[in-house]
Amino acid sequence: MAAIATGLRPITAVAAEVGLDPSELELFGHFKAKVRLDALALRRSRPDGHVVLVTAITPTPAGEGKTVTAIALAQALRASSAPTVVCLREPSMGPVFGLKGGATGGGRCTVEPAAEINLHFTGDFHAVTAANNLLAAVLDDHIFRGREPQPDIRRPTFHRVLDTNDRALRHVIVGLGSAPREDQFDITAASEVMAVLGLACDYADLRARLGRIVVGQTRDGTPVTAEDLHAAGAMAALLRDALQPNLAQTQDGGPALIHAGPFANIAHGTSSLVSLLLARKLAHYVVVEAGFGADLGAEKFVNLVEAHGGPHPRVAVIVVTVRAFKYHGGVPLTRLGEPAPAAVTTGLAQLRHHVQIVRRLGMRPVICINAFDTDRPDELDVIERAAHEWGIPAAVSTAFTAGSAGARDLARIVLDECAAGPPDSGGRLYGPEAGLAEKLDVVAREVYNASGVTFADAALQHLKEFEARGFGRFPVCIAKTQYSLTDDPHVGGVPQGFAIHIRDVEVRAGAGFVLALAGDMMTMPALPPRPRVWAIDLAPDGTINGIS
């Protein structure tokens, strides 16, 4: 991969396509820029563009091409003369160097300059890491000096972060020489500061949300916040530039806003709220990706992002692959390349369930079959016939190899579905007045197909405390594996009769949600047996190789 792809448009030309003036940009070289926040304020009175959500069925470990599809759809809509902006999360260097690799698409559907976006980009992840760890340092100094309010060090709730997969940091001792205690590191994408960055709509909102972050509690149970520690102002200063959306471009020169990077299996898993609000003032169509399957990204987009002022997508594109159907049809990962039309038929239950999720959330489903060279015509036919029988529009996408032309049929369907108007029913699954346990139970039953929820004693106690402290009206964010509808990553298909086990809950008062940890979900991933870090290198001419 070249350090800078050839044939890119100057970022000022990309900005001009959607009506952004050079004075509204802060340039990072020729091909990247930040968009000033006042660009949104100046366009408040403009009509809103249609929002199209790109989600997927429960993925295999390799992923099913959701980012490729989001970029491809944006490229194809733009090629049809429909002004379009694609909104993506910023890549975390954890997956870049770990199992999945880069998050800028692939083939002829990428956002550029890809290598720079996958690594440091405009420094937003570093700013989040710095702000988070500043608060952690102030907290430990506050404890050391015995200042009031004094947090109970037996129950720390705020952790240091690093944007690297590192299992050695899951359990650490901090405070040696002062007040040592057991603690842990999280990955930066799991930081509440990242969630705050993704949900704040302006500088005042950013500052207020940072001040509400709960870092612990006193022995009588009173929450201790970043505001109590006098740290929120400095944190906001560190994040001032990071709150501005990043403008880049698709491989064919179309506008792309790439901003914030919360994981969908830990947080809300989509681009920043401010980038979404800006995009739908700049374009007729906004294509936004929400992480992993509809059980995670789509559910959290509707129940969490919308709860904080986000737009409601009219259409949801569900990305599927033949290999994913084989996997959910019982074929081992090592044999997904072998012909198995019967397994594809069995795996269709997964698609039907995700269609139901999308409809329950109030969006029109569209199926995108992301095709691979190894797919057989009879396997593709199984999926297309099922979509036809269910009355759901579907298109085969060959955009990875063909670019925008390979997603032309998908774009036509999306335009038709947007023009058809909103669905008759569906939307958020619960209201703010519902209890926290009830909200978790509703998500488990209606989205995961579970029989209900079970709670560890600690989780029940913390839920009771949160409601008593006024956090009960928050939406819930369930942190669970992306590889299964259950909380066990090894269970495929659409199982029944299982319960989601919540081992603990944490309040994210700044971000404005309650995080429920399900199963063995970790907030600090580990490197896989063959990490992608082995393949990444720098050539003598400055070319970065191996990021994919």
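How many nonpolar, polar and charged residues does the lining of the largest cavity have? In this predicted model, that lining comprises five nonpolar, four polar and four charged residues. The space enclosed by the largest cavity amounts to about 90 Å³, and of the 13 residues that line it, Thr157, Phe158, His159, Glu192 and Arg508 lie nearest its centre. Strand β21 provides the largest share of this lining, with three residues. In total, five cavities of 30 Å³ or more are counted in the structure.

Strand β21 also figures in the second largest pocket, where, with five residues, it contributes the largest share of the lining. The volume of this pocket is about 750 Å³, and the closest to its centre among the 34 lining residues are Pro156, Thr157, His159, Asp504 and Glu506. Thr157 and His159 are thus named both for the second largest pocket and for the largest cavity. At least two lining residues of the pocket are supplied by each of β8 (172-174), β9 (181-183), β10 (185-187), β11 (214-217), α18 (457-468) and β21 (499-508). When the lining of the second largest pocket is divided by class, 14 residues are nonpolar, nine are polar and 11 are charged.

Turning to the nonpolar interior, the largest core contains 137 residues, and within it Leu210 and Ile213 have the most contacts. The element that gives the most to this core is helix α6 (residues 124-144), from which eight residues are drawn. Apart from this core lies another one of 36 residues, which includes Ala72, Val315, Val414 and Cys418. For Ile213, when neighbours within four places in sequence are left aside, the residues in contact are Leu135, Phe158, Glu192, Val193, Val196, Val224, Thr225, Ala226, Met235 and Gly510. Two of these partners of Ile213, Phe158 and Glu192, are also listed among the residues nearest the centre of the largest cavity.

Aromatic pairing was examined across the whole structure, and two aromatic pairs were found. One of them joins Phe466 and Phe471 in an edge-to-face arrangement, with 6.4 Å centre to centre and 75° between the planes. Both rings belong to buried residues, because the relative accessible area is 10% for Phe466 and 13% for Phe471, and buried here means under 20%. Through ring pairs, Phe466 and Phe471 are linked with Phe474 into a cluster.

Conventions. Residues are numbered from 1 along each chain as its sequence is written. This is a predicted model: local features need pLDDT of at least 70, side-chain atom pairs count only at pLDDT 80 or more; totals for chains, interfaces and linings use all residues. Side-chain values use heavy atoms; hydrogens and water are left out. A nonpolar core is a set of buried Ala, Val, Leu, Ile, Met, Phe, Trp, Tyr and Cys residues joined through side-chain atoms within 4.5 Å. Buried means under 20% relative accessible area, exposed over 50%, partly exposed in between (1.4 Å probe, protein chains only). Helices (H or I, at least four residues) and strands (E, at least two) are DSSP runs, numbered from the N terminus. Contact means heavy atoms within 4.5 Å. On a 1 Å grid over the protein atoms alone, a cavity is a set of points where a 1.4 Å probe fits but cannot get out, and a pocket is an open set with protein on both sides within 12 Å along at least five of seven lines; lining residues have an atom within 4 Å of a point. Grid points are joined across faces, edges and corners, and a volume is the space filled by probe spheres set on the points. Ala, Val, Leu, Ile, Met, Phe, Trp, Tyr, Cys and Pro count as nonpolar, Asp, Glu, Lys and Arg as charged, and the others, Gly among them, as polar. Rings of Phe, Tyr and Trp (its six-membered ring) pair if their centres lie within 6.5 Å; planes under 30 degrees apart count as stacked, over 60 as edge-to-face and the rest as tilted.
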